[in-house]
Amino acid sequence: MNADIKTLEFDKVLNNIKNYAVSDLAKEAVLNLYPSNDCNTIIKLLDKTDEALVLIYKLGDAPLGNIYNIYPHLKRVEIDGVLSSKEIREISMHLLAVSHNKQFLLRAKSENIETVFYKQQVDQLVYIKELYQNINRCIDEDSNILDSASFELARIRSKIKSAQSKVEEKLQSIKSKNSIMLTDGIITRRNDRFVVPVKLEYKNKFKGIIQDYSSSGETVFIEPQAVVELTNKIQILKNEEKKEIEKILIELSEEIKLYVFDLRNNLNILVDIDVTFAKAKFGRGFDCTKPLVGKELELIQARHPLLPKDEVVPNDIHFNQYKVIIITGPNTGGKTVALKTLGLLSIMAQSGILIPVKEGSKIIIFDNIFADIGDEQSIEQSLSTFSSHMKNIIRITDLLTTDSLVLLDELGSGTDPKEGASLAISILEYIKARGTYIMATTHYPELKAYAYNNIDVVNASTKFDIDTLSPTYKLSIGIPGRSNAFEISRRLGLNNKIIENAINHVDINNTEISILINKLEDQSRYLEDKINLHEEEREKLIRTESEIQSKVESFEKDNLKLKNIAKEEAKNIIEQAKKESQKIIDNLLNYKEEVKLHKLIEQKSALNKLSDQFNKEKKVSTRKQEFSIGDKVKVLSYGQTATITKVLPKNNFEVKMGILTTTVHNKDLEFIEKKRKKKTKSIVTYHGKKNVRLELDLRGYRFEDAMIELEKYIDNLIVSKVKSASIIHGHGTNALKFGVQEFLKNNKYIKNYRYGKGGEGGSGVTVIEIN
């Protein structure tokens, strides 16, 4: 497509965006950006930039450091060239940038930030871990070859270090023995040889090889004979070191050659990501948004991006049923800025750059964007000004297409006003006939009348404040600009007779047109003021609604936060109580002497009660129930079945749970069944121990259930007149063992009990005798 990017100052915008790019390659790519007229491409580029802007707002800038230009390095290894340690280090940094972007994508995913384009690009990046590790094993961050690069290099450097140490020792000895011959005690190097500074008069007495003289000639730098052989050895070792380093660089270069395709593709992607994020950062800095792409153009509160944000006046620019806008108004009133704003924002959007407009703005994809904009020159240069405009217009008319945008500044100026106005109308007619979009500025009243007489042409103006005698730079579409020359002159103090005489010289037809235009303009301004007032009230209501909604959301968040804090604190209390109670239980279970089992049950019951309260799962009997002695009930706080043994005051009852007797309130009881009445008329005769086992195995029972089973078993033994039996409880934590013996101790029917003997199961069994 054709686009007058220099005339519309797109190059200046690109220079601004370039400053947001990180790598030199991306900076260069930004300066080469050019608008497209392919709708799908433009939509993709805008979505891509907008996605990057979202990432910046939520996560900060993408990690785009360390992107070096490794294209020449890759080209050289392809032809078996050997890279320097610095160049290889740059490839390592390239792989680090790949790794960082993959981590950045994972971070976006973990925070549920949806990415399409960035994910697609990062997924294509290839992180070559083995190559990265090999380079870092061989080369440090300052591009020096490390000893760890190879075993041979480490060996050579160790020998060099040893030899240098010996040389230094000998030199120190020589220095101390010959201090009178030396100018100072500093050991230096000349021609990569160790030397000492000898006074000129002793040069023939000091044994060694002269390597250099001082600038004054008074000092001779002599390599002592005693270290010549060692220094030669060091030189040989350094040559070996150099060869080993070359070998290492060759091996790394050959390894890099294996991954040339992936590395080049990585660099292409990283540079493109850098460019996209540079455009996004520009958008953030200039409060830009993504416009909608469609069949109509509506720029809401559009600002010129090269003017200071706090000074530029935002304007609404739109094409509706008309395709031609003619702007009139005073000089320096903002007409040209309006032209440039429309053209520049269109080029930016078609280059995938977000534009400084309000959300909901719409753009049209133009085939070409032409502009004839130039500052007016002096009267002496009028011919050249007119010629320049004509040459540009000729170029435009030769290249324009149906969906082009044409911007014409001061159309028809620089020549006779009547001829200029006629020519301007003719040019507009020619371009309009091809279905092209046009925005033009003019001072000619004939063009205002032309706009009124054509349905697809609309007048527009930039407002002028008569009271302050200054332009407002506010564009009004649908309202033509009025001529303020007479009014301005009157306010400036020009004699009224002169002004009235001037009015009489104005063409009567033009006067009637001006009167009509002024009336229409007054009506339009009245309606516009009403619309603006309505819009202000609407925005005020929206802001109020937004503030209320924000406060409601804030209150709900704070409320939820407090609930979560309270819940967490309660949970912590429960957890702490569990730990402490478990510690007490563990300690009690480790005692060898008898323990009070009801204390253990009470502690566990209290703990369960707290936990039930926290989870709001505690069950309470909802029906009123009259309890009687002997009724079978469930003690809710203990979760155990019990029998009522006594009715106490204030709705309290004494209940028996196995061997445990305790007092509970009626709210903590759940009715199960009434006491069964004994049948006095029937006589039941039990015949010895026919159906009673001589042992009870309690292993695997919960403690409370085991006590209930034991009580039943003792009852059966008594009824069956069995005098001896065995209770198998095992060892475990000893809780069950102690519980059994505590039960037997308090049971009046038990005559004696003891642990089993060797053939009876030992201490895992308790043998009982019954009265």
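**Helix α10 and its partners α4 and α5**

Helices α4 and α10 are roughly antiparallel to each other, because the angle between their axes, roughly 165°, lies over the cut-off of 145 degrees. This arrangement belongs to a predicted model, and a good way into it is to follow helix α10 from one neighbour to the next.

The first neighbour to consider is α4, a helix that covers residues 71-78. The axes of α4 and α10 come within 10 Å, and the two helices cross in a left-handed sense. On the α4 side, the contact involves Y71, L74, K75, V77 and E78. Facing them on α10 are V260, L263, R264, L267 and N268. Sorted by class, the residues of this contact comprise 6 nonpolar, 1 polar and 3 charged. K75 and E78 of α4 and R264 of α10 are the charged ones.

The second neighbour is helix α5, formed by residues 85-110, which meets α10, formed by residues 260-285. Two packed helices are described by the angle between their axes and by the distance between those axes. Here the axes come within 11 Å and cross at roughly 60°. That angle makes α5 oblique to α10. The crossing of α5 with α10 is left-handed. From α5, the residues I91, H94, L95, A97, V98 and N101 take part, and α10 contributes L263, N266, L267, L270 and I273. This contact holds 8 nonpolar and 3 polar residues, with no charged ones. The polar members are H94 and N101 of α5 and N266 of α10.

What do the two contacts share? L263 and L267 of α10 meet residues of α4 and also belong to the contact with α5.

Helix α5 also contains Q103. Is Q103 buried, exposed or partly exposed? With a relative accessible area of 48%, Q103 is partly exposed, because this value falls between the cut-offs of 20% and 50%. The C-alpha atom of Q103 is separated by 9.7 Å from that of V122, a residue 19 positions away along the chain.

These helices can now be placed in the whole chain. The chain has 20 helices and 23 strands. It consists of 771 residues, of which 41% count as buried. Among the contacts between residues at least 6 apart in sequence, 67% join residues at least 24 apart. The accessible surface of the chain comes to about 44,000 Å², and carbon and sulfur atoms account for 51% of it.

Key
Residues are numbered from 1 along each chain as its sequence is written. This is a predicted model: local features need pLDDT of at least 70, side-chain atom pairs count only at pLDDT 80 or more; totals for chains, interfaces and linings use all residues. Side-chain values use heavy atoms; hydrogens and water are left out. Axes are lines fitted to C-alpha atoms, for helices over the stretch in contact, and angles run from 0 to 180 degrees between N-to-C directions. Helices (H or I, at least four residues) and strands (E, at least two) are DSSP runs, numbered from the N terminus. Angles under 35 degrees count as roughly parallel, over 145 as roughly antiparallel, 65 to 115 as roughly perpendicular and the rest as oblique. A crossing is left-handed if the near helix is turned anticlockwise from the far one by less than a right angle, and right-handed if clockwise. Contact means heavy atoms within 4.5 Å. Buried means under 20% relative accessible area, exposed over 50%, partly exposed in between (1.4 Å probe, protein chains only). Accessible areas come from the Shrake-Rupley method with a 1.4 Å probe; for residues, only the protein chains shown count as cover.
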